[in-house]
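Good morning, and thank you for making time for this presentation. Please bring up the sequence and the structure, and I shall go through them element by element.

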Amino acid sequence: MIKVTTNHYPIIKRNIQKAPTFVYSILDQLIEGTVYTDTATFQTLLIHTKSGIYFVYGDSTTTEINRQLAICLEQSIKQGKRFTLFSYSEHWNTKIEQLLNGQLRKLERYTFTFDESLYGGKEEQEVSNFEVMPITQHQIKNAMEFTYAYYDEYWDSTAHFLTNGFGFCLIHKEQIVSEAVSIFKSNEYAEIDIMTDSNFRGQGLASLIATTFINHCLANELKPCWDCDISNTASIYLGTKLGFMGPQKYAIYTKK
C-alpha cells in the first residue's frame, strides 16, 4: 500500500475521470486528506478526508486497497468516528457489500451536471423583507444549520472555510432563514449545500439563495455541483429548474 505524496496529486487529478467534489478539494489541497494507491501508476485509489469521508476509484479487485478499506472501517468503529464511503461504480458496490457485509447501510444519491445554457436564474430576484448576505463569522455565529461544528467537520475549521470557501444567506428581521454554502470546493468545482427554515418554505427562497450561489460560481469560473438523495424530489425539482441535468446514481455507505 502506497500513501501518495502531495507532489503527485496533480497527476491523479488529471487522470481521474469522475469523483465527488471533496476528492478534488483534497487533490487541490484545500482541505486535509489522505490518498492511498496500490501501484505507482495510481490506477486504483482510496481517498479520504480527515473527518472520515471516503471514495474508492479504479480496480475493485485490488487486494491492498480492499485491505486498507477494511482497516479504515475497523478503526472508525473502535474510535467512534465517522465512516462515509462514496462509490461511483457498481463493481465497487458489489465488492464493498461483500467485503464489509453487515456493517454498513447503503444510501443511493444522484449527482448532476450543470448546463449553463439551461440556467434560468442569472437575474437574481429581489424578495421583499429579505436581505441577501455573504456568510461571515457573524452569520455563522447565528446560523440555523451551518454552524461552527459544520465547518469544522467539512472544512477542518471555520477560519479555513472563510478563507477558501463561500456561502450566502437570506436574512429576515435579523434572522437567517435560508443558507447556501460550499460544503466542498476545489479550484474548479463548488458543491452547494442548501437549507431553508421550515417556516419559510414555499416562498422561492431556496431558489433565490441557490441562484446567488451559482452566480458567484460563474463569476469566479467555478462549476457548481448539485447532489441529493434519489428520494429528495424537492431538491431534484429545484436542481433541474436551475440547470442541473443528467442525474447519475451513486452509492454512499455508512456505519450501521
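**Buried positions, sheet, core and empty space**

I begin with Thr 158, which counts as buried because its relative accessibility is 7%, and the cut-off for that word is under 20%. Please bear in mind throughout that this is a predicted model. Thr 158 belongs to helix H7. Its C-alpha atom is separated by 9.7 Å from that of Thr 136, and the two residues are 22 apart along the chain.

A second buried position is Leu 170, in strand S8. Leu 170 counts as buried because its relative accessibility is 0%. How far apart are Leu 170 and Gly 52 in sequence and in space? The separation is 118 residues in sequence and 31 Å in space, taken from C-alpha to C-alpha.

Let me now turn to the sheet. It is an open sheet of eight strands with mixed pairing, and the order is S1-S2-S3-S4-S5-S13-S6-S12. Its edge strands are S1, residues 2-3, and S12, residues 227-229, each of which pairs on one side only. Moving inward, S2 and S3 are antiparallel partners, with five bridges between them. Within that pair, Tyr 36 has Leu 46 of S3 as its bridge partner.

Next, consider strand S5, which covers residues 84-87. Are its two faces covered or uncovered? Both are covered: Thr 84 and Phe 86 are buried on one side, and Leu 85 and Ser 87 are buried on the other. Strand S4, residues 53-57, pairs with S5 in the parallel sense, and four bridges hold that pairing. One bridge partnership here is that of Phe 55 with Phe 86 in S5. Between S4 and S5 the chain passes through helix H3, residues 63-79, in a β-α-β crossover that is right-handed.

S5 also pairs with strand S13, residues 244-255; these two run antiparallel and are joined by four bridges. In this pairing, Thr 84 is placed opposite Thr 254 of S13. S5 therefore has a parallel partner in S4 and an antiparallel one in S13, while all four of its residues count as buried, that is, under 20% relative accessible area.

I come now to the largest nonpolar core, which has 37 residues. Which residues have the most contacts inside it? They are Ile 16, Phe 22, Val 23, Val 35, Leu 45, Phe 55 and Tyr 151. Two or more residues each are given by H1, H2, S3, S4, H6, S8, S9 and S13. H2 gives the most, with five residues. Phe 55, already mentioned as the bridge partner of Phe 86, is thus also one of the residues with the most contacts in this core.

Two loop positions deserve a brief remark on backbone geometry. Gln 29, although not a glycine, has a positive phi of about 60°; this residue sits in the loop between H2 and strand S2, residues 33-37. Asp 156 is likewise not a glycine and has a positive phi, of about 75°. Asp 156 is found in the loop between H6 and helix H7, residues 158-164.

My last topic is empty space. Rolling a probe the size of a water molecule over the atoms shows where such space is left. How many cavities of 30 Å³ or more does a search of the whole structure find? The search finds one, and the volume of the largest cavity is about 40 Å³. Its lining consists of Glu 90, Asn 93, Lys 106, Glu 108, Lys 249, Tyr 250 and Ala 251. Helix H4, strand S6 and S13 each give two or more residues to that lining, and S13 has the largest share, with three. By class, the lining has four charged residues, two nonpolar and one polar.

The largest pocket holds about 1,000 Å³ of space. Of the 40 residues that line this pocket, Asp 193, Ile 194, Asp 227, Asn 232 and Ser 235 lie nearest its centre. Strand S10, residues 189-196, supplies the largest share of the lining, six residues. The lining of the largest pocket comprises 22 nonpolar, nine polar and nine charged residues.

That concludes the presentation, and I would welcome discussion.

Terms used:
Residues are numbered from 1 along each chain as its sequence is written. This is a predicted model: local features need pLDDT of at least 70, side-chain atom pairs count only at pLDDT 80 or more; totals for chains, interfaces and linings use all residues. Side-chain values use heavy atoms; hydrogens and water are left out. Buried means under 20% relative accessible area, exposed over 50%, partly exposed in between (1.4 Å probe, protein chains only). Two strands pair if DSSP finds at least two bridges between them. A crossover is right-handed if, with the strands pointing away from the viewer, the path from the first strand over the helix to the second runs clockwise. On a 1 Å grid over the protein atoms alone, a cavity is a set of points where a 1.4 Å probe fits but cannot get out, and a pocket is an open set with protein on both sides within 12 Å along at least five of seven lines; lining residues have an atom within 4 Å of a point. Grid points are joined across faces, edges and corners, and a volume is the space filled by probe spheres set on the points. Ala, Val, Leu, Ile, Met, Phe, Trp, Tyr, Cys and Pro count as nonpolar, Asp, Glu, Lys and Arg as charged, and the others, Gly among them, as polar. A nonpolar core is a set of buried Ala, Val, Leu, Ile, Met, Phe, Trp, Tyr and Cys residues joined through side-chain atoms within 4.5 Å.
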